[in-house]
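Here is a quick tour for anyone meeting this structure for the first time. Have a look at the picture, then read on.

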Amino acid sequence: MTELELKDQYLDAQRGTIGSLLIDAPAVAGIIFHKTREDDYIGALRNVYRVCREMYLEGKPIDAITVRHQMGPEYTQFLYELMQYSPA
């Protein structure tokens, strides 16, 4: 497997993880925030992870609508695309 293929798989895994969080946070949030760190994510995924983690720690509900509200309308399409990567 080439380095590019590994990078693509890594990004797909990150997208799937965050997408699953947006779809069903109560089922996966504890695992995601316990097992992963912000540093494990890159670019815009890191921003979404950070916002979701802050919301989780504050006891706020996490879904595409609440996260979009926190992040701004410019993230609408990106959040939608992340949910498409979710295996959930």
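In what order do the elements of the chain run from the N terminus on? They go α-α-α-α-α. Put as a tally, the chain has five helices and zero strands. Keep in mind that this is a predicted model.

**Overall shape**

Let's start with the whole chain. A compact globule with 88 residues would have a radius of gyration near 12 Å, and the chain has 12 Å, so the two agree. Along the principal axes, the C-alpha atoms fill a box of roughly 40 × 30 × 25 Å. Of the 88 residues, 32% are buried. The chain exposes about 5,700 Å², with carbon and sulfur atoms supplying 54% of that area. As for how the chain meets itself, take the contacts between residues at least 6 apart in sequence: 56% of them join residues at least 24 apart.

**The nonpolar core**

In soluble globular proteins, nonpolar side chains tend to be buried together. Here, the largest nonpolar core holds 21 residues, and the ones touching the most other members are Ile18, Leu21, Phe33, Val48, Cys52, Ile62 and Val67. Each of the helices in the table supplies at least two residues of this core.

| Helix | Residues |
|---|---|
| H1 | 3–23 |
| H2 | 25–35 |
| H3 | 43–57 |
| H4 | 64–71 |
| H5 | 76–85 |

Which helix gives the largest share of this core? That would be H3, with six residues.

Phe33 deserves a second glance. Leaving aside residues up to four places away in sequence, Phe33 touches Leu21, Tyr49, Cys52, Arg53, Tyr56 and Ile62.

**Aromatic rings**

Phe33 also turns up among the rings: ring pairs link Phe33, Tyr41, Tyr49 and Tyr56 into a cluster. Searching the whole structure gives four aromatic pairs. One pair is formed by Tyr75 and Phe78, whose ring centres are 6.3 Å apart. Why is this pair called edge-to-face? The planes of Tyr75 and Phe78 sit at 70°, and over 60 degrees counts as edge-to-face, so the label follows.

Are the two partners buried or exposed, or something in between? Tyr75 is buried because its relative accessible area is 16%, and the cut-off is under 20%. Phe78 comes in at 23% relative accessibility, so Phe78 counts as partly exposed.

Key
Residues numbered from 1 in each chain as written. Predicted model: local features only at pLDDT ≥ 70, side-chain atom pairs only at ≥ 80, totals over all residues. Heavy atoms only, no water. Core = buried A, V, L, I, M, F, W, Y, C linked by side-chain atoms within 4.5 Å. Buried < 20%, exposed > 50% of the residue type's maximum accessible area, 1.4 Å probe, protein only. Helix = DSSP H or I, 4+ residues; strand = E, 2+ residues; numbered from the N terminus. Contact = heavy atoms within 4.5 Å. Phe/Tyr/Trp six-rings, centres within 6.5 Å; stacked < 30°, edge-to-face > 60°. Rg over C-alpha atoms; globule rule 2.2 N^0.38 Å. Areas by Shrake-Rupley, 256 points an atom, 1.4 Å probe, with all protein chains shown as cover.
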